[in-house]
Amino acid sequence: MSPGGTGCSVWLLLIVGWLLLAGLQSARGTNVTAAVQDAGLAREGPGEGEEETENDSETAENHDPLETEEDVTNRNVVKEVEFGMCTVTCGIGIREVLLTNGCPGGESKCIVRVEECRGPIDCGWGKPISESLGSVRLACINTSPVNRFKYMWKLLRPDQQSIVLVNDSAILEVRRENHPLAFECDTLDNNEIVATIKFTVYTSNELRMRRSSRPDIDSVLVFSLTVGIICFVSIILILIFIIANWEAVKSFWVSKIFTPEVQSEQSSVKYKASTPLYQSPTEMPGEDDALSEWNE
């Protein structure tokens with residue numbers, strides 16, 4: 001290799017080495033700048049987080065007194081609940097739940113809700129909802145909604161097991177037969193009997209006899225009511241007449257009261273006028289005795 005070629009290769013190596021050194025320095029400077037920026041962001045980040053935490057704590061402190069006052073107010077108001085009367089004496093009914101303290105508007109009592117109430121299961125013997133000479137309609141005990149419960153109808157037989165009927169609705173329509181029948185309906189809620197009621201379906205002849213033996217209208221009650229109404233109306237009319245003619249009534253009663261007194265006074269005056277002012281000699285026994293003594 002010639003001396004000129006050797007010198008050129010040396011210069012090329014120096015130039016390449018200088019470029020590599022410059023690239024490494026620039027890369028280091030970029031990394032240092034990025035590291036410094038990351039450190040600054042890291043320092044700013046906790047500060048901002050602390051500021052946000054402080055702001056949140058201040059806000060919570062500002063809101064805590066309000067919530068505490070409301071909680072204290074709610075705790076101080078003792079809500080007393082009172083239950084109303086159940087609408088039924090057996091089976092299923094409803095009742096009102098009343099609030100006796102803490103009602104809005106300062107009311108003494110207010111209705112909070114209406115809830116279901118229950119009485120004894122056995123409701124005894126019931127009456128049909130409608131009946132005719134040919135058929136009768138019976139109803140189980142239920143509340144709204146009707147389809148909430150299940151119903152089981154049974155045909156009762158004396159000294160025998162009851163027959164469960166296919167009908168599972170709340171209403172049962174039965175045709176009258178030649179002998180009376182007895183039915184029972186069980187109302188179930190979640191497979192638990194909550195009410196039961198029985199019915200007697202009489203024959204057509206028995207129904208006619210019961211209707212004829214039982215008067216539809218009580219004549220004594222009607223007579224008493226009629227007499228009472230007539231007396232009440234008469235008293236009202238008399239009072240109205242007295243008020244409308246008060247002056248005439250007053251003068252009439254005054255004349256009735258004072259006329260006997262005037263007559264008694266006049267009779268007493270006449271009696272005094274008719275009485276003599278002197279007495280006859282016969283009415284004076286003392287004078288005859290004196291004369292007889294004088295003659296002696």
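## Close-up views of a predicted model

**View 1. Strands β6 and β9 lie side by side.** Let us start with a pair of neighbours: β6 and strand β9 (residues 171-175) are paired antiparallel, with 5 bridges between them. Please keep in mind that everything shown here comes from a predicted model. If you would like a landmark for this pairing, look for Ala-139, which sits opposite Ile-171 in β9. As a reminder, the strands of a sheet pair through backbone hydrogen bonds, and they can do so either parallel or antiparallel.

**View 2. β6 also has a partner in β5, and the three strands form an open sheet.** Strand β5 (residues 130-131) pairs with β6 in the antiparallel sense, over 2 bridges. Two facing pairs help you to find this contact: Ser-130 is opposite Arg-137 in β6, and Glu-131 is opposite Val-136 in β6. To get from β5 to β6, follow the hairpin, which joins them through 3 residues. Now bring β9 back into the picture: the open sheet has 3 strands in the order β5-β6-β9, with antiparallel pairing. Which strands are at the edges? They are β5 and β9, and each of them pairs on one side only. Is β6 mostly covered or mostly uncovered? It is mostly covered, since 4 of the 5 residues of β6 are buried.

**View 3. Another open sheet is built from 5 strands.** Reading across this sheet, the order is β4-β11-β10-β7-β8, and the pairing is mixed. The edge strands are β4 (122-125) and β8 (163-164), each of which pairs on one side only. Look at the β8 edge: strand β7 (residues 150-156) and β8 run antiparallel and are joined by 2 bridges. Here Leu-155 faces Ile-163 in β8. While you trace the strands, remember that in a regular strand the side chains alternate between the two faces of the sheet.

**View 4. The largest pocket has a lining with many charged and nonpolar residues.** The space in this pocket comes to about 350 Å³. How many residues line the largest pocket? There are 16, and those nearest its centre are Lys-127, Pro-128, Glu-131, Tyr-202 and Arg-210. You have already met one of them, as Glu-131 stands opposite Val-136 in β6. Sorted by character, the lining has 8 nonpolar, 2 polar and 6 charged residues. Three elements each give at least two residues to this lining: β6 (135-139), β11 (192-201) and α2 (204-213).

**View 5. Cys-86 and Cys-117 are joined by a disulfide.** Across the whole structure, a search finds 4 disulfides. In this one the S to S distance is 1.9 Å. It links distant parts of the chain, 31 residues apart: Cys-86 is in the loop between β1 (81-83) and β2 (92-99), while Cys-117 is in strand β3 (residues 110-118). The torsion about the S-S bond of Cys-86 and Cys-117 is about 80 degrees, so this disulfide is right-handed. Why is Cys-86 called partly exposed? Its relative accessible area is 27%, which lies between the 20% limit for buried and the 50% limit for exposed. Cys-117, with 5%, is buried, because buried means under 20%.

**View 6. Cys-90 and Cys-123 make a further disulfide.** Their sulfur atoms are 2.2 Å apart. Cys-90 lies in the loop between β1 and β2 and Cys-123 in strand β4, so the bond ties together parts that are 33 residues apart in sequence. With a torsion of about 125 degrees about the S-S bond, the disulfide of Cys-90 and Cys-123 is right-handed. Both Cys-90 and Cys-123 are buried.

**View 7. The disulfide of Cys-103 and Cys-110 is left-handed**. Here the S to S distance is 2.4 Å. Its handedness follows from the torsion about the S-S bond, which is about -85 degrees. Cys-103 is buried, and Cys-110 is buried as well. Counting the bonded cysteines of the protein in sequence order, the pairing reads 1-5, 2-6, 3-4, 7-8.

**View 8. Residues 220-246 are mainly helix**. The unreviewed UniProt entry lists these residues as "transmembrane region". In the model, the chain over 220-246 is 96% helix and 0% strand, with its end C-alpha atoms 38 Å apart. Within this stretch you can look for Cys-231, which is partly exposed, with a relative accessible area of 42%.

Terms used
Residues are numbered from 1 along each chain as its sequence is written. This is a predicted model: local features need pLDDT of at least 70, side-chain atom pairs count only at pLDDT 80 or more; totals for chains, interfaces and linings use all residues. Side-chain values use heavy atoms; hydrogens and water are left out. UniProt positions are given in the numbering used here, feature names are shortened, and annotations may be inferred rather than shown by experiment. Two strands pair if DSSP finds at least two bridges between them. On a 1 Å grid over the protein atoms alone, a cavity is a set of points where a 1.4 Å probe fits but cannot get out, and a pocket is an open set with protein on both sides within 12 Å along at least five of seven lines; lining residues have an atom within 4 Å of a point. Grid points are joined across faces, edges and corners, and a volume is the space filled by probe spheres set on the points. Ala, Val, Leu, Ile, Met, Phe, Trp, Tyr, Cys and Pro count as nonpolar, Asp, Glu, Lys and Arg as charged, and the others, Gly among them, as polar. A disulfide is a pair of cysteine sulfur atoms within 2.5 Å. Buried means under 20% relative accessible area, exposed over 50%, partly exposed in between (1.4 Å probe, protein chains only).
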